[in-house]
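This report describes a protein with a bound ligand. The sequence and the structure are shown first.

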Amino acid sequence: MNGRVALVTGGTRGIGAAISAALHANGYRVVVTYVSDDRAAHEFSLRTGISRLKLDGGDADACKTALSQLTERFGPVEVLVNNAGITRDAVLHRMQPEQWAAVIQNNLTACFNLCREVVPGMRERGFGRIINIGSINGQTGQVGQTAYAAAKAGLHGFTMALAREGASKGITVNLVAPGYIETDMVRSVNPEILQRIIAQIPVGRLGTPEEVARAVLFLASDQSGFITGSTLTINGGHHMA
Ligand code: CAA
């Protein structure tokens with residue numbers, strides 16, 4: 001059994017749930033964060049046996065408190081998957097400052113807040129795996145997503161910078177950039193627009209959360225120590241860089 005402690009943000013639904021399930025099945029001691037739906041999170045834990053933690057990653061003080069409690073209970077976090085993300089899609093000329101701020105806070109600042117809590121311990125112990133979940137739309141841009149694309153593109157730069165800082169200490173930092181995956185977030189896109197998007201995917205379908213989870217599991221492993229600062233795109237050929 002692996003036994004490493006893995007923290008997956010937004011880990012009760014969609015891609016995050018598939019990631020936490022894959023890590024759990026491979027012997028990691030997984031803790032997932034969620035923000036608001038206590039009942040769904042409770043049911044998730046009952047169904048999967050995975051521990052949960054209510055945490056708004058955008059709140060730096062809350063991250064500090066939560067990470068110290070988590071470490072006391074489970075031990076230090078050795079794998080951090082920054083998966084939690086939100087959209088507030090609107091074209092820029094209609095986007096409100098609150099929409100911009102919420103997206104940057106949840107998708108980008110939360111990653112900073114959590115990395116800041118776990119990186120010192122990873123440096124001391126000489127091992128760490130940080131996997132950030134980006135998006136095809138951080139690579140290509142998308143109408144209605146100036147905030148989301150900026151946050152996800154920001155994660156690319158963040159990943160490369162932190163990868164350089166952690167490399168000599170056994171910490172790898174990588175980004176997985178999914179394309180359009182079968183999740184509630186994608187299902188909420190206007191069906192006509194979504195059909196047009198799917199028509200542009202060479203593989204001809206949406207991806208599954210499990211297809212993303214497999215890549216995260218690979219990057220989390222002890223054997224992936226020479227992969228750092230990289231971007232792994234999982235998008236059915238939708239965008240080839
Ligand atoms: N190109 C350029 N301009 C466009 C456009 C396009 N493709 N589509 C719309 N516009 C313009 C319109 O001309 C219009 O301009 P005016 O205000 O001057 O009239 C304006 O944008 C608004 O158009 P609509 O009223 O038709 O659009 P809306 O406000 O109802 O919806 C939207 C806009 C919410 C952004 C909608 O287009 C949309 O949902 N697009 C899809 C966004 C998307 O792909 N989101 C991905 C979500 S999943 C995800 O993010 C996961 C992941 O990582 C992949």
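The text below covers the sheet, two helices that lie across it, and the surroundings of the ligand.

The model is predicted, and side-chain atom pairs are considered only at pLDDT 80 or more.

**Sheet**

The sheet is open and consists of seven strands, arranged in the order β3-β2-β1-β4-β5-β6-β7. Pairing within this sheet is parallel. The edge positions are taken by β3 (51–54) and β7 (231–234); each has a single partner strand, so one side of each is left without a neighbour in the sheet. From one strand to the next, the twist averages 20°.

At the β3 edge, the partner is β2 (residues 29–34), which runs parallel to β3 and is joined to it by four bridges. Within this pair, Y34 stands opposite K54 of β3. In general, strands of a sheet pair through backbone hydrogen bonds, in either a parallel or an antiparallel manner.

**Helices across the sheet**

Helix α2 (residues 38–48) lies across β2 and β3, and its direction is at about 160° to β3. Helix α4 (residues 97–125) lies across four strands: β1 (5–8), β4 (77–82), β5 (128–133) and β6 (171–178). The angle of α4 to β4 is about 160°.

**Ligand surroundings**

Which residues come nearest to the ligand, out of the 19 around it? They are D89, H93, S135, Y148 and Y180. By class, the shell comprises nine nonpolar, eight polar and two charged residues. Two helices, α7 (184–187) and α8 (191–199), each supply at least two residues of this shell.

The table gives distances from a polar side-chain atom of the protein to an oxygen atom of the ligand.

| Residue | Ligand atom | Distance |
|---|---|---|
| S135, polar side-chain atom | oxygen | 2.6 Å |
| Y180, polar side-chain atom | oxygen | 2.8 Å |
| Q142, side-chain N or O atom | oxygen | 2.9 Å |

On its own, the ligand has 1,100 Å² of accessible area, of which the protein covers 57%. S135 and Y180 thus appear twice in this description: both are listed among the residues that come nearest to the ligand, and both have a polar side-chain atom at a listed distance from a ligand oxygen.

Methods:
Residues are numbered from 1 along each chain as its sequence is written. This is a predicted model: local features need pLDDT of at least 70, side-chain atom pairs count only at pLDDT 80 or more; totals for chains, interfaces and linings use all residues. Side-chain values use heavy atoms; hydrogens and water are left out. Two strands pair if DSSP finds at least two bridges between them. Axes are lines fitted to C-alpha atoms, for helices over the stretch in contact, and angles run from 0 to 180 degrees between N-to-C directions. Contact means heavy atoms within 4.5 Å. A residue is near a molecule or strand if one of its heavy atoms lies within 4 Å of it. A polar contact is a pair of N or O atoms within 3.5 Å; within protein, one must be able to donate a hydrogen and the other to accept it, and residues adjacent in sequence count only if both atoms are side-chain atoms. Accessible areas come from the Shrake-Rupley method with a 1.4 Å probe; for residues, only the protein chains shown count as cover. Ala, Val, Leu, Ile, Met, Phe, Trp, Tyr, Cys and Pro count as nonpolar, Asp, Glu, Lys and Arg as charged, and the others, Gly among them, as polar.
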